[in-house]
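Please look over the structure below. This briefing goes through its helix packing and a few chosen residues.

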Amino acid sequence: NATSTVALLPGSLAAGLGYRKELYECRRNLMLLWPPSLIGGIAGSLLLIRMPEQLFAQLVPWLLVSASVLLLLQRPLLRYIGAHPHSRPSGATLAVVIGFQFLVGVYGGYFGAGIGILMLSSLAFVGIPDIHSMNAVKNILAATMNGVTAVILGVAGVVAWKYAAVMAIASILGGYVGARLGRRLKPDYVRVIVVSIGFLVAAYSWHTM
């Protein structure tokens, strides 16, 4: 888990670079959600050092299914609460999203599987207009969680560096190429792909439990 976290860090940064235009447009949202991501990542990585990961391993399928369903129903839910793209969320909505982001940070530092889908399920509720912009913010927030976790787990001596280095090269290439390809697709297509991946990974996680 520690090795995977370290390897994925540069991939998240590379993907963020691929979405740099959208990232600049959403910089306010990024700064809003960066602190809970950082604090949650620290808390989760410290828990990982001291506790077994079986607890979150059992939760992964349920988390992924819940996030995929929420992402699938995101637009109807936004209409239901009266939110619109580019609009500022209410104080209550903002508090819920920030609290949720902290919990994603804890989970990301502790286990990490599917943190991208978890974040995509909530980012629209802070006024981010489309899934490309949500992907941009998600990548930097994921890099924040993985970054602080990589430092803590690296100091703890639980990273297999020879594997992490090779995996990091692949994650950089995959992250940047994926971002560039994703920007060429219509947002609805990207949403379908993400939701499908969420359900498939959840099914695989159930099968291997």
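What follows covers two helix pairs, one aromatic pair and selected residues. The model is predicted. Two right-handed crossings are described here, that of H1 past H9 and that of H3 past H8. Trp62 and Trp206 form an aromatic pair.

**H3 against H8**

- Helix H3 spans residues 27-50 and helix H8 spans residues 131-156. Their axes lie 8 Å apart, at an angle of about 30°.
- That angle makes H3 roughly parallel to H8, since angles under 35 degrees count as roughly parallel.
- The crossing of H3 past H8 is right-handed.
- On the H3 side, the contact residues are Leu30, Leu33, Trp34, Ser37, Leu38, Gly41, Ile42, Ser45, Leu46, Leu48 and Ile49.
- On the H8 side, they are Val137, Ile140, Leu141, Thr144, Met145, Val148, Thr149, Ile152, Leu153 and Ala156.
- Sorted by class, this contact holds 16 nonpolar residues, five polar ones and no charged ones.

**Thr149 in H8**

- Thr149 belongs to helix H8.
- The relative accessible area of Thr149 is 0%, so this residue is buried. The cut-off for buried is under 20%.
- Beyond residues up to four places away in sequence, Thr149 touches Thr5, Gly41, Ser45 and Gly109. Gly41 and Ser45 are among the H3 residues that meet H8.

**H1 against H9**

- Helix H1 covers residues 2-18 and helix H9 covers residues 161-184. They pack at about 25°, with axes 7 Å apart.
- H1 and H9 are therefore roughly parallel to each other.
- H1 crosses H9 in the right-handed sense.
- H1 contributes Thr3, Ser4, Val6, Ala7, Leu8, Pro10, Gly11, Ala14, Ala15, Leu17 and Gly18 to the contact.
- H9 contributes Trp161, Tyr163, Ala164, Met167, Ala168, Ser171, Ile172, Gly175, Tyr176, Ala179, Arg180 and Arg183.
- By class, the contact of H1 with H9 has 15 nonpolar, six polar and two charged residues.

**Gly11 and Ser12 in H1**

- Gly11 lies in helix H1. Its relative accessible area is 8%, so Gly11 is buried.
- Outside its neighbours within four places in sequence, Gly11 contacts Ser171, Ile172 and Gly175. These three residues are among those that H9 brings to the contact with H1.
- Gly11 and Ala142 are 131 residues apart in sequence, yet their C-alpha atoms are 9.9 Å apart.
- Ser12 is also part of helix H1. Ser12 counts as buried, at 11% relative accessibility.
- Leaving out neighbours within four places in sequence, Ser12 is in contact with Asn139, Ala142, Ala143 and Asn146.
- Ser12 and Lys138 are 126 residues apart in sequence, with 8.7 Å from C-alpha to C-alpha.

**The aromatic pair**

- The count of aromatic pairs comes to one.
- The ring centres of Trp62 and Trp206 are 5.0 Å apart and the ring planes stand at 85°, so the pair is edge-to-face. Plane angles over 60 degrees count as edge-to-face.
- Trp62 sits in helix H4 (residues 54-72) and Trp206 in helix H10 (residues 187-208), so the pair ties together parts 144 residues apart in sequence.
- Trp62 is exposed, at 54% relative accessibility. Trp206 is partly exposed, at 36%.

Terms used:
Residues are numbered from 1 along each chain as its sequence is written. This is a predicted model: local features need pLDDT of at least 70, side-chain atom pairs count only at pLDDT 80 or more; totals for chains, interfaces and linings use all residues. Side-chain values use heavy atoms; hydrogens and water are left out. Axes are lines fitted to C-alpha atoms, for helices over the stretch in contact, and angles run from 0 to 180 degrees between N-to-C directions. Helices (H or I, at least four residues) and strands (E, at least two) are DSSP runs, numbered from the N terminus. Angles under 35 degrees count as roughly parallel, over 145 as roughly antiparallel, 65 to 115 as roughly perpendicular and the rest as oblique. A crossing is left-handed if the near helix is turned anticlockwise from the far one by less than a right angle, and right-handed if clockwise. Contact means heavy atoms within 4.5 Å. Ala, Val, Leu, Ile, Met, Phe, Trp, Tyr, Cys and Pro count as nonpolar, Asp, Glu, Lys and Arg as charged, and the others, Gly among them, as polar. Buried means under 20% relative accessible area, exposed over 50%, partly exposed in between (1.4 Å probe, protein chains only). Rings of Phe, Tyr and Trp (its six-membered ring) pair if their centres lie within 6.5 Å; planes under 30 degrees apart count as stacked, over 60 as edge-to-face and the rest as tilted.
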